[in-house]
Amino acid sequence: NMGKRKREALVTEEETIELPPLPPLVRDSDEPVKKKPKWTNKQRVLVFGSRGMSFRDRHLMDDIRSLLPHSKPEAKKERKDDLRVINEIAEMKNCNKCIYFENKKNKDLYMWVSNVPQGPSVKFLILNAHTMKELKMTGNCLKGSRPFLSFDPAFDEPHWSVMKELFVQSFGTPNHHPKSQPFHDHVLTFSILDNKIWFRNYEILGMDGKLSEIGPRFVLDPIKVFDSSFGGITFWENPHFINPNVMRREKRKVGASKYIKKVHQKEGFKRRAPKEPYRGDPTNEIFQTKPPEEATSSEKQLFIRKKF
Amino acid sequence: REDLWPKLSRDQFFGEKKDIIADAQDQLPLGIMFVDSEADSTEMDYSDINDQELSEDDSDVETQRAFSRGDLKPGLNVLSQKIIKDYKNDIGGLKQKLSEFHLPLPWIERLDLTLPPAPLAPELDVELVEHGQRRERQMKGRNKDFSLEDDPVHNDFKREMLFYRQAQAAAMAGLQRLDELGLPGLRPDDYFAQMAKSDEHMQKVRRRLIQKQIGQQISERVRKIREIKKFGKKVQVEVEQRKHKEKREMLEKIKKFRKGKTDTIDFLEDHQGPLRERTTNGTTSKTTKQKKNKRTMKDRKFGFGGRKRNAKRNTARSHAQSHSLPASTKHGVLKNKNRNRKNKGSKRKGGSKFRTRK
């Protein structure tokens, strides 16, 4: 912990803020570790992913790990292993929350957020993910500072409120956590728009409320809310969720219909096309006459009345 | 066919259907079965209706009924399986689970805030409008049917504004609550600790921002120079044209003078100075000409002691001047051609080329 501090805090005036006393730089290993009585809300989040994640997904996972000082990393999980294994891994690491990333077909990224021993779990599809390293994200915050969690008032419905509680417990840094830093200089935003959860992370620049975007931004499309961790009965299914495979299939079908229609058209024409040329009815020509103006030399005789 | 239908009064039609059907069936010619969808009891009147019902498929009667109702349309109707997906929404279960795992901690432990977005600040509103205008300007040239409501870029901007305002509202409320609790809020400027993004990364970000700024400034300057050049070019062209015009006019006037005209060589004096002097002067050409005429007249009258008072009054010259007929003046001009000349007499053409022999 102490090695990670780059520069020490300079507390010049006592009247401005009273910071907790800094721990000494060197400590004797025989000394028992001092208990931290103030840290009561013990949340530990296991953040890891499956094998086969792309670089962008990995960076996103790393960003979340850096945002959450109460997180614990873990090695990649084999995809063929069952999801219930995660409960055991979390139990071994003494974590009571878990954020698990899964990449399918190298295209879609899914995220599980679950309260590990008995609690509910939610599966999301992550869309439009941007990491902290993008140069358009100009803000910066203390590593491990406790963020404000801002929720849309639309989080009142029962399924949204379960997700809200999960987010508060997993994304919110516990008070007096040993790795946390004292000030509050960033805010995590969860908004509901178009039946999806939009996540943003802003740095608070001043008292007047000016913000600058720091951190990862992504859109969570909830799929199902389960009763127990990584399984169990489904409490809620999202009726607006469309499987990405289905979407891709529909997209391809739109292009295919053009070809299929052309084939049908050709077939139909073959069937309908007459085999013989159209032969006119000879009786139609009986009453066809030329007007006298258009009559040629021999036909003119018809119209010339011979006076007998 | 309307003539086959029984002629019923309104009461009969809307009254009890039982009797109507019986009456109607008697009136209709044989072979035409009058089927009424609701009157089940009337079917008992017919002898073979039971056999019919037992032998036939119920679906036939059902389809007939559906057709009479208007649910089925003529043509080939195919039965298809309707897949009704039942989406689970166990509200009771959700609420129970929530109560089970919810942690009733004081606010300082959770730091969660549920607030609607903050009101739109005027500067943000201005930015939004500007963005819309910029997008319109950019896209109107490319595709004709471009609407700002469907533009994804502008909608994205509006969405981000919404999230920004929500975060703003939460930040202000959170800092206020911390202040009430007496806890430190924002990070002070002299507090240095490990940040989420490294210093090198922040330098990269800063460099990119500066480059963008410089790029914008350069493009602005280039645009301004282009505009000034355009304007300068316009002015230059104007000046040239005016010069050419003056030259042309001058030559025309000289030609006229050579061929004979009233005004002698006053137009030479009328020649205006260079453009700059002219533009700075501000007076019109007409007034200067008038002034010049006045001056020359006065010079003639009073300059260098003025005209001699008792000069001959009825000379050939005064006679010529008084009659301002075009024909006489022509002659008058010819006669007095060398009036104002220094050396009166014929001057040989060719000038200095022909040297007089001394």
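1. I begin with the surface of chain B in this predicted model, where B:Arg134, B:Arg137, B:Arg223, B:Lys224, B:Arg226 and B:Lys230 gather in a patch of positive charge. Two helices of chain B, H7 (122–140) and H9 (199–259), each supply at least two residues of this patch, and the largest share, four residues, comes from H9(B). One residue of the patch, B:Lys230, lies in helix H9 of chain B and has a relative accessible area of 63%, so B:Lys230 counts as exposed.

2. Helix H9 of chain B is also where B:Ile218 is found, and this residue belongs to a surface patch of another kind: B:Ile210, B:Ile214, B:Ile218 and B:Val222 make a nonpolar patch of about 330 Å². Is B:Ile218 itself buried or exposed, or does it fall in between? Its relative accessibility is 45%, and B:Ile218 therefore counts as partly exposed, since that class covers the range between the 20% limit for buried residues and the 50% limit for exposed ones.

3. A charged residue that is not at the surface in this sense is B:Asp151, whose place is in the loop between H7 and helix H8 (152–181) of chain B. With a relative accessibility of 3%, B:Asp151 counts as buried, because buried means under 20% relative accessible area. Which residues is B:Asp151 in contact with, once its neighbours within four places in sequence are left aside? They are B:Arg135 and B:Phe146.

4. It is useful to set the overall description of the two chains side by side. Chain A has five helices and 11 strands, while the secondary structure of chain B comes to 14 helices and one strand. Of the 308 residues in chain A, 45% are buried; of the 358 residues in chain B, buried residues make up 17%.

5. The contacts and surface areas of the chains can be read in the same manner. Among contacts in chain A with a separation of 6 or more, 63% are between residues 24 or more positions apart, and for chain B the corresponding share is 42%. Chain A exposes about 18,700 Å², of which carbon and sulfur atoms supply 53%, whereas chain B exposes about 30,500 Å², with carbon and sulfur atoms again supplying 53%.

6. Two asparagines of chain A deserve a careful look at their backbone angles. A:Asn94 is not a glycine, yet it has a positive phi of about 65°; this residue lies in the loop between helix H2 (85–92) and strand S3 (97–104) of chain A, and with a relative accessible area of 49% it is partly exposed. A:Asn106 likewise has a positive phi, near 60°, in a residue other than glycine. The place of A:Asn106 is the loop between S3 and strand S4 (108–115) of chain A, and its relative accessibility of 58% makes it count as exposed.

7. A search of the whole structure finds 23 salt bridges over all chains, and one of them joins A:Asp108 to A:Arg248, with the closest N and O atoms 3.0 Å apart. This pair links distant parts of the chain, as A:Asp108 is in strand S4 of chain A and A:Arg248 is in helix H4 (residues 244–272) of chain A, 140 residues apart. The partners fall into separate accessibility classes: A:Asp108 is buried, with a relative accessible area of 8%, and A:Arg248 is partly exposed, with 25%.

8. Another salt bridge of chain A is formed by A:Glu102 and A:Lys104, whose closest N and O atoms are 4.0 Å apart; a reader should keep in mind that the cut-off for a salt bridge is itself within 4 Å. A:Glu102 counts as buried at 9% relative accessibility, whereas A:Lys104 is partly exposed, having a relative accessible area of 32%.

9. Finally, A:Glu213 forms a salt bridge with A:Arg217, the closest N and O atoms being 2.8 Å apart. Here A:Glu213 counts as buried at 13% relative accessibility, and A:Arg217 counts as buried at 18%. Which residues are linked with these two in a network of salt bridges? The network consists of A:Arg200, A:Glu213, A:Arg217 and B:Glu160, and so it includes residues from chain A and from chain B.

How values were computed. Residues numbered from 1 in each chain as written. Chains lettered and ligands numbered in written order. Predicted model: local features only at pLDDT ≥ 70, side-chain atom pairs only at ≥ 80, totals over all residues. Heavy atoms only, no water. Patch = residues over 30% accessible without salt bridge, like charges linked within 9 Å, V, L, I, M, F, W, Y side chains within 5 Å. Areas by Shrake-Rupley, 256 points an atom, 1.4 Å probe, with all protein chains shown as cover. Salt bridge = Lys/Arg side-chain N within 4 Å of Asp/Glu carboxyl O. Lys, Arg positive; Asp, Glu negative; His and termini not counted. Charge placed at Lys NZ, Arg CZ, Asp CG, Glu CD. Buried < 20%, exposed > 50% of the residue type's maximum accessible area, 1.4 Å probe, protein only. Contact = heavy atoms within 4.5 Å.
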